[in-house]
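Student: Please take a close look at one part of this model and describe how it sits among its surroundings. After that, carry on to the other local features that deserve a check, in one connected account.

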Amino acid sequence: LVSEHGFTGAEVTVRQAVARLRGARPREPFVPLEAPFGKIAQADFGSAVVTIAGVRTEVALFCLRAKASKVPFVAAYPTERLEAFLAGHVAAFEFFGGVPAELWYDNAKTAVTKILAGPAREEHERLSALRAHYLFESSFCTPGAGNEKGSVENLVGYVRRNALVPVARSFTDLADLNRHLRAWCERERTGHADAWRLERAALGELPARPFPASVSRPVVANKVAMVNVDRVRYSVPVACAGATLRAECFVDRVELYRGADLVASHARSYARGATVLELAHYLDAFARKPRAALSCAALETADPVFTRAREVALRSPDAHRRFAEVLLLGRELGLERLAEALSACLAGGGPLEAAYVRQIALNAAHEPPPPVAVPAALAVHLAAADPARYDALAGSLR
């Protein structure tokens with residue numbers, strides 16, 4: 001327009017003219033929807049940045065809101081993975097004391113594996129298992145139409161503006177944050193008390209046992225008795241090296257099974273490339289490889305008393321054998337009791353020998369038997385001893 005017609009007006013003038021030529025776009029109409037009590041709830045993940053242990057940390061907020069009564073439930077998790085999605089449902093149903101008839105979702109990969117024509121979806125098998133356990137139906141929004149579950153969409157921002165202020169507020173850990181959120185949810189429920197009574201009465205009953213909010217996968221233990229779960233390595237007993245195990249991944253822990261037997265349980269780590277070791281898993285190896293005891297990487301994450309004991313053992317010529325024998329006591333005593341006995345041994349300056357440490361542990365655990373109750377008919381009351389009688393006896397013998 002400038003180069004061909006010498007136009008001198010502003011860009012906004014052109015935009016307004018084009019808009020008039022196109023004509024007004026028709027607004028999309030919406031239909032008011034009814035939400036009977038106990039019928040519908042909406043669930044979604046959001047995110048928030050909070051201060052945990054002095055560090056600004058982004059957490060995932062699982063939000064679920066009963067549509068009729070507007071009562072919310074919010075829980076913070078370190079991830080939006082499927083296990084957190086399942087755990088959020090279990091916690092929400094326990095908070096509500098019942099189960100809504102239908103839950104509405106968007107099309108996140110945690111819930112949907114494939115979008116089909118129309119409203120049809122292929123759910124994740126664990127979501128289907130959750131629905132079968134709690135007996136509720138699922139409904140999915142049209143892709144890109146977040147307004148279809150606006151109740152929970154608005155909840156994420158509402159939580160940030162009301163439950164997570166002031167921004168400078170600090171929490172000691174994730175559990176502390178969730179206690180704060182639970183208390184906030186309780187206050188919100190109190191504020192909707194009249195509607196909540198109707199909602200609660202219409203909810204379905206909870207099953208006798210909660211759903212196990214985990215994701216199962218096969219893993220193979222390598223030659224150093226570690227398995228890889230989501231790019232984090234976890235130790236297992238050395239007897240499991242080379243075996244195929246089953247990992248049950250919860251949001252807060254990883255459980256490892258060999259068949260039906262639980263062989264290891266670790267706190268869940270979300271640090272990519274991290275290694276989580278447990279000293280007890282390597283004790284059996286020290287019977288065959290005592291030299292490995294001095295350099296075992298699991299010592300760094302065990303009780304610090306084991307590292308101090310290693311420094312003491314290194315002063316002797318047979319350090320590896322002496323230290324391995326002490327660690328092998330963990331199979332009999334357990335590492336917690338062994339650590340207490342080692343602390344007493346080092347504090348008292350005693351010899352760092354397996355027999356001596358074992359005796360300390362046994363002495364600490366010993367409980368004297370209760371006194372034997374003697375029936376009154378058999379009780380014999382003796383007078384107090386008088387040592388002067390022995391002097392008289394000695395005099396008569398001279």
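Tutor: A residue is called buried here if its relative accessible area is under 20%, exposed if over 50%, and partly exposed in between. The coordinates are a predicted model. The part chosen is strand β3, which spans residues 72-77.

By that cut-off, six of the six residues of β3 are buried, so the strand is largely enclosed by the rest of the structure. The enclosure applies to both faces. On one side of β3 are Pro72, Val74 and Ala76, and on the other are Phe73, Ala75 and Tyr77; each of these residues is buried. The partner of β3 to consider is β2, residues 55-66. The two strands run antiparallel and are joined by six bridges. One residue pair can be named: Cys63 has Val74 of β3 as its bridge partner. Val74 therefore appears twice in this description, as a buried residue of one face and as the partner of Cys63.

The connection between β2 and β3 is a hairpin with five residues between the strands. Within this hairpin, Lys70 has a positive phi near 70°. As background, most residues other than glycine have a negative phi.

Strand β2 also leads to the aromatic contacts. The structure holds 11 aromatic pairs. In one of them, the ring centres of Phe45 and Phe62 are 5.6 Å apart and the planes stand at 75°, so the pair is edge-to-face. Phe62 belongs to β2, while Phe45 belongs to strand β1 (residues 40-52), so the contact ties together parts that are 17 residues apart in sequence. Both Phe45 and Phe62 are buried. A second pair, Tyr158 with Trp184, is tilted, with 5.8 Å from centre to centre and 50° between the planes. This pair links distant parts of the chain, 26 residues apart: Tyr158 is in helix α5 (residues 150-162) and Trp184 is in helix α6 (residues 174-191). The two partners fall into separate accessibility classes: Tyr158 has a relative accessible area of 26%, so it is partly exposed, whereas Trp184 has 4%, so it is buried. As for Phe45 and Phe62, they also belong to one aromatic cluster with Phe85, Tyr105 and Phe140.

Two rings have an arginine over them. The charged end of Arg189 sits over the ring of Phe95, at 3.9 Å from the ring centre. Arg246 lies over the face of Tyr257, with 4.5 Å to the ring centre.

A separate sheet is the next item. Its three strands form an open sheet in the order β10-β11-β15, with mixed pairing. The edge strands are β10 (226-229) and β15 (275-276); each has a single partner strand, so one side of each is left without a neighbour in the sheet. Strand β11 (residues 232-235) pairs with β15 in the parallel sense over two bridges. Across from Thr275 in β15 stands Arg233.

Backbone values around β10 are worth listing. Ala225, in the loop between β9 (215-220) and β10, has a positive phi near 60° although it is not glycine. With 1% relative accessibility, Ala225 is buried. Asp230, in the loop between β10 and β11, is another residue other than glycine with a positive phi, near 55°. Its relative accessible area is 28%, so Asp230 is partly exposed. Val229 is in strand β10 and, at 1% relative accessibility, counts as buried. The C-alpha atoms of Val229 and Val254 are 8.6 Å apart in space, and the two residues are 25 apart in sequence.

One peptide bond also needs a note. Val165 and Pro166 are joined by a cis peptide bond with omega of about -5°. Pro166 is placed in the loop between α5 and β8 (170-171). For reference, most peptide bonds are trans.

The start of the chain offers a contrast to β3. Leu1, in the segment before α1 (2-5), has a relative accessible area of 55%, so it is exposed. Together with Val2 and Phe7, Leu1 forms a nonpolar patch on the surface, with about 290 Å² of accessible area in total.

Terms used: Residues numbered from 1 in each chain as written. Predicted model: local features only at pLDDT ≥ 70, side-chain atom pairs only at ≥ 80, totals over all residues. Heavy atoms only, no water. Patch = residues over 30% accessible without salt bridge, like charges linked within 9 Å, V, L, I, M, F, W, Y side chains within 5 Å. Areas by Shrake-Rupley, 256 points an atom, 1.4 Å probe, with all protein chains shown as cover. Salt bridge = Lys/Arg side-chain N within 4 Å of Asp/Glu carboxyl O. Helix = DSSP H or I, 4+ residues; strand = E, 2+ residues; numbered from the N terminus. Buried < 20%, exposed > 50% of the residue type's maximum accessible area, 1.4 Å probe, protein only. Pairing = 2+ DSSP bridges. Phe/Tyr/Trp six-rings, centres within 6.5 Å; stacked < 30°, edge-to-face > 60°. Lys NZ or Arg CZ within 6 Å of the ring centre and 35° of its normal.
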